[in-house]
Structures are given as C-alpha cells and as structure tokens.
Amino acid sequence: VGAGRLPTEAEWELAARGAPADAERSYPWGDELEPAAGHRANIWQGHFPTKNSAEDGWTFTSPVNSFEPQNEHGLHHVIGNVWEWTRDYWTTRHRRSKKVLKDPRGPGRPAGAQGAVPDRVKKGGSFLCHASYCFRYRVTARSQNTEDTGTSNLGIRCARSAPPPANEKEEL
C-alpha cells in the first residue's frame with residue numbers, strides 16, 4: 001500500500017464530492033453553503049477583509065473535528081479551514097481525450113527557467129475565503145501557489161493508493 005502522498009487533483013475532487021461519485025454539487029454536503037443545520041465549514045463571515053464575525057466559531061484555523069464530517073466519506077474540512085496542496089502541477093490547459101479517464105493526472109513538473117519554483121494546484125479554499133473575494137471553497141474550484149509558499153491557510157491532506165485486487169497480483 002505504501003506511504004501517504006498528496007492526492008491528485010482528480011482524487012481530491014472525487015473524495016470531496018462524496019457519494020455518489022458522479023454527484024454534481026457545489027459543496028461536499030450539497031448545494032447550500034449554509035444549510036438549515038448551520039455552518040459546515042470554517043470560512044470568512046462578515047465584511048471581508050476588515051471584520052470576520054466568526055459566526056462559525058472561528059476567526060483563524062480550527063481543529064479538524066470542529067465541524068461534522070462534510071460528506072458521506074466522513075471527511076472533515078474538505079473545504080474551508082486551509083487550502084490543500086495536490087500532487088498536480090498547475091495548468092490552464094488540460095489534455096483532451098475521447099474516452100473517460102479513470103484517474104486523469106495533471107502535467108508533470110514543468111521544465112521552466114533555471115531556479116524557478118513551479119506552481120501546484122491547491123483545492124478547498126480556506127478560513128480567509130469569502131464570496132466577495134475568493135469564492136473558491138466549492139468542490140470544483142481550484143487555485144495555485146508556488147511549492148515554496150508557506151502560509152497559515154495552506155496545508156496538506158494525505159492519500160494512499162489502494163492495493164490492487166487479489167486477481168491482479170503477480171504470482172511469486
């Protein structure tokens with residue numbers, strides 16, 4: 001099975017979407033940012049950027065289990081709290097394919113200028129996101145930062161590859 005790794009952008013989005021996998025919803029739990037049950041994510045409330053009213057209980061990052069799981073997979077903070085790096089490097093041009101890809105991979109590390117630090121895709125938005133400024137706490141939203149970025153609203157989520165089915169294992 002191996003050690004943890006960053007998820008690809010496609011893996012991140014599939015996990016965030018919840019079940020069923022083909023669900024078309026804005027947020028991991030549905031289409032309403034704040035359903036009747038109350039806040040489901042740590043994002044900016046109030047007037048951005050001068051006053052965070054902290055209606056969700058938090059002005060900065062919050063502990064991982066401070067909200068109910070956001071989807072049927074039991075994942076916490078898929079959106080909000082901190083942006084999450086993905087394994088994929090940033091591009092605005094994706095490969096075209098006539099067939100549906102099982103787990104499409106983003107481009108490899110770009111061959112850029114000597115010493116340039118490439119951008120990686122980040123997903124999920126953060127506690128600093130507000131609809132008037134950064135409406136990127138939706139499942140399909142994406143942004144980027146250079147790999148050397150360090151900030152209080154950026155983190156990671158680890159993924160692990162599943163072992164191959166028993167009938168696909170090599171015989172010794």
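This tour proceeds from the whole chain to the sheet, the helix and the salt bridges.

**Before starting**

The model is predicted, so local features are reported where pLDDT is at least 70 and side-chain atom pairs count only at pLDDT 80 or more, whereas totals for chains, interfaces and linings use all residues. Residues are numbered from 1 along each chain as its sequence is written, and side-chain values use heavy atoms, with hydrogens and water left out.

**Stop 1: the whole chain**

Select the protein chain and display its C-alpha atoms. They fill a box of roughly 60 × 45 × 35 Å, taken along the principal axes. Colour the chain by secondary structure, for which helices (H or I, at least four residues) and strands (E, at least two) are DSSP runs numbered from the N terminus. One helix and six strands make up the secondary structure of the protein chain, and their pattern along the sequence is α-β-β-β-β-β-β.

Next, show the surface. The protein chain exposes about 10,800 Å², of which carbon and sulfur atoms supply 52%; accessible areas come from the Shrake-Rupley method with a 1.4 Å probe, and for residues only the protein chains shown count as cover. A residue is termed buried under 20% relative accessible area, exposed over 50% and partly exposed in between (1.4 Å probe, protein chains only). By that measure, 38% of the 172 residues of the protein chain count as buried.

Contacts may be displayed as well, a contact being heavy atoms within 4.5 Å. Among those between residues at least 6 apart in sequence, 67% join residues at least 24 apart.

**Stop 2: the sheet**

Select β3, β4, β5 and β6. In what order do the four strands of the open sheet lie? The order is β5-β4-β3-β6, and the pairing is mixed. The edge strands are β5 and β6, each of which pairs on one side only. Two strands are said to pair if DSSP finds at least two bridges between them.

Now centre the view on β4. Four of its five residues are buried, so that β4 is mostly covered. Towards β3, the two strands run antiparallel and are joined by three bridges. Select Trp 85 and find Lys 122 of β4 opposite; then select Tyr 89, which stands opposite Arg 120 in β4. Towards β5, four bridges join the antiparallel strands β4 and β5. Select Asp 119 to find its bridge partner in β5, Thr 146.

**Stop 3: helix α1 and Glu 13**

Select Glu 13, which is placed in helix α1. Is Glu 13 buried or exposed? Glu 13 counts as buried, at 18% relative accessibility. Leaving aside neighbours within four places in sequence, Glu 13 is in contact with Lys 123, Val 139 and Thr 140. Add Val 78 to the view: its C-alpha atom is separated by 9.4 Å from that of Glu 13, although the two residues are 65 apart along the chain.

**Stop 4: the salt bridges**

Show the side chains of Lys, Arg, Asp and Glu. A salt bridge is a side-chain nitrogen of Lys or Arg within 4 Å of a carboxyl oxygen of Asp or Glu. How many salt bridges does the structure hold? The structure holds nine.

Begin with Arg 17, whose side chain meets that of Glu 13 in a salt bridge (2.6 Å, N to O). Both residues lie in helix α1 (residues 9-17), four residues apart, about one turn of the helix. Both Arg 17 and Glu 13 are buried.

Then select Glu 11 and Arg 5, whose side chains form a salt bridge (2.9 Å, N to O). Glu 11 counts as partly exposed at 21% relative accessibility, whereas Arg 5 is buried, with a relative accessible area of 18%.

Move on to Glu 147 and Arg 109, where the side chains meet in a salt bridge (3.0 Å, N to O). Glu 147 lies in the loop between β5 (143-146) and β6 (154-155) and Arg 109 in the loop between β3 (83-89) and β4 (119-123), so this pair ties together parts that are 38 residues apart in sequence. Glu 147 counts as partly exposed at 28% relative accessibility, while Arg 109 is exposed, with a relative accessible area of 51%.

Finally, select Glu 9, Glu 13, Arg 17, Lys 123 and Arg 142 together: salt bridges that share partners join these residues into one network.
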